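Reader: I should like to go through this model with you, beginning with the packing of its helices. Could you take my questions as they come?

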Amino acid sequence: MASAGTGKTYMLVNRLVRLLLAGAKPDAILAITFTRKAAAEMQSRLSERLLALAAAPDDELFERLHAMGVEAEADTLERARRLFETIIQNRQTVRTTTFHAFCQEILLRFPLEADVPPGFDLLDSGAEQLEAAHAALFAEASMEPDGSIAEALETLLDFCGGLHGLQRSLNSFISHRGDWWAFTEDAADPVAFATENLGQRWQVTPAEDPLQHFFTAHRLSALAEFATLLSKHPTKGNQDALEAIASARNPDLSNNERFAACRDVFLTKQGAPRARKPSKTQAGKMGVEGQERFLSLHDELSQAILQTIDRISAHNAWQANSAWYRAGNRLLQHYQQLKQEQRVLDFSDLEWRAYRLLNHSENALWVQYKLDQRIDHLLVDEFQDTNPTQWRLLLPLLQEMAATEADTLRSVFLVGDAKQSIYRFRRAEPRLFHTAHDWLESHLNARTFPLHTSWRSAPAIMQGVNSVFGEHGPLHGRLRDFTEHSTHHSELWGEVKVLP
């Protein structure tokens, strides 16, 4: 658990060097990070570190190895001097890569098993294919104006307030296709599954008319009783309310008109129940018991109206989401078909196809076995930005490692910090760091090493972090196993003045 500025990259490179010094084959080490820039930086620092070991005098080499926690025996010193040359002459070097590049490597190696085009190209943008998919979707709707796709697009057009909003909504579906695939993974009909699931969660029945459920015999009887009591106190406001209640009880009007009239009687324009209170005048007109009943009916009908408004909102939202599922899924099908015809995959395809290959294909165990033979040491950086698909992609590899005989030298090393997770829009889930921690602790006897002493931050910054996440901070408990932060450079900053 490495906070910002605590020497995480230095420590990761140290670990790579220690593995090489311990005899690990370079091509048996896989280091995964989040960006290509970070992967290149790790590779560059590793080369620099190995070159420094090769060129260092004996006393300096001894100090460097000691700083890395390596016992500087004679054979270790000799191995350290040869590592740089060994690495640059080796056809297969230490692999520092990204999740997407790792997935691409797997799919290129097992294209038939993964059901992807052999030698596929990687699509960086996909804007051209998405534009063509939109055109195909609207053409399909135009050819079948009474079909389900046209109906879904019309519904979305109303809810999104125009064509621009509709296109943004559909593009959002494409952006979250990884979530859609994961959610509907085992469903024969993804759209039906998703809409039914949403209906169950929101307790919405498609054929339900919330207004019809409001105007029950009991509710109409309550409105009549309320009107009778209200007529005994005929103020100007009460007279207007009686006219509105008459409209609400009129079966010749539409349910929407009746409900609107009823809502105006019991709710303010802001949507809150109107304030009706007991008074001597009102009690004199209605009687004490009549006033109590009047106020009780007001509360009962107000709550019923509020509940109906909630039901209407849920029903409308269900309709909008159902239309989004249907139209979005069809757009996604067009998008995927276009990419397949052009023999290209995008980044989401890489993750999803690799995950399916390692977890659900007929050849999953064989592929896991072949990959397991190539990876003895796995390092994953920026784990707080891992998404659920990436975790499920790694899990089979970890399970293979857990099944390895005890005398085989293998290792897993994860680095992350929940505070630095900023890629939620890419499905990053920082809680997966703790999921992985618990799994590794349970299956591989993993240990936790917190790095919370910064090399580059002022004490005031560390004090700020501690005051927010510490024992008495407003976000205490939001970070599991939070450790107080400090800095190596307190003496360099002098007196720090913290603004109140």
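Reader: How are α7 and α17 oriented to each other?

Author: This is a predicted model. In it, the axes of α7 (residues 127-143) and α17 cross at roughly 125 degrees. The two helices are therefore oblique to each other.

Reader: Within what distance do the axes of α7 and α17 come?

Author: The axes come within 8 Å. The crossing of α7 past α17 is right-handed.

Reader: Which residues in α7 and α17 meet?

Author: From α7, the residues are Q129, L130, A132, A133, H134, A136, L137 and E140. On α17 they meet A327, R330, L331, H334, Y335, L338 and K339. By class, this contact has 9 nonpolar, 3 polar and 3 charged residues.

Reader: And α11 with α17: at what angle do they pack?

Author: Helix α11 (residues 190-202) packs with α17 (residues 288-341) at an angle of about 165 degrees, and their axes are 10 Å apart. Angles over 145 degrees count as roughly antiparallel, and α11 and α17 are therefore described in that way. α11 also passes α17 in a right-handed crossing.

Reader: Which residues in α11 meet α17?

Author: V191, A194, T195, L198, G199 and W202 do so. Their counterparts in α17 include W318, Y325 and R326. By class, the contact of α11 with α17 has 8 nonpolar, 5 polar and 2 charged residues.

Reader: Let us turn to the sheet. What is the order of the strands?

Author: The order is β2-β1-β5-β6, in an open sheet of 4 strands with parallel pairing. β2 (95-98) and β6 (411-414) stand at the edges with a single partner strand each, so one side of each has no neighbour in the sheet. On average, neighbouring strands are turned by 15 degrees against each other, direction ignored.

Reader: Are the residues on the two faces of β6 buried or exposed?

Author: They are all buried: S411 and F413 on one side, V412 and L414 on the other. The same holds for β2, where R95 and T97 on one side and T96 and T98 on the other are all buried.

Reader: Why do the residues of a strand fall into two sets like that?

Author: Because side chains in a regular strand alternate between the two faces of the sheet.

Reader: How many bridges pair β5 with β6?

Author: β5 (residues 377-380) and β6 pair over 4 bridges, in the parallel sense. L379 stands opposite F413, and V380 stands opposite L414. At the β1 to β2 pairing, 4 bridges again join parallel strands, and I32 has T97 in β2 as its bridge partner.

Reader: Which helix packs on the sheet, touching β1, β5 and β6?

Author: Helix α20 (residues 388-402) does, and its direction makes about 145 degrees with that of β5.

Reader: One more topic, R15. Where does R15 lie, and is it buried or exposed?

Author: R15 lies in helix α1 (residues 8-21). Its relative accessible area is 17%. The cut-off for buried is under 20%, so R15 counts as buried.

Reader: Which residues does R15 touch, leaving out those up to four places away in sequence?

Author: R15 touches L379, S411 and F413. Of these, L379 and F413 stand opposite each other, with F413 in β6.

Reader: And how far apart are R15 and F449?

Author: They are 434 residues apart in sequence and 13 Å apart in space, C-alpha to C-alpha.

Methods:
Residues numbered from 1 in each chain as written. Predicted model: local features only at pLDDT ≥ 70, side-chain atom pairs only at ≥ 80, totals over all residues. Heavy atoms only, no water. Axes fitted to C-alpha atoms, helices over the stretch in contact; angles between N-to-C directions. Parallel < 35°, antiparallel > 145°, perpendicular 65-115°, else oblique. Left-handed = near helix turned anticlockwise from the far one by under 90°. Contact = heavy atoms within 4.5 Å. Nonpolar A, V, L, I, M, F, W, Y, C, P; charged D, E, K, R; others polar. Pairing = 2+ DSSP bridges. Buried < 20%, exposed > 50% of the residue type's maximum accessible area, 1.4 Å probe, protein only.
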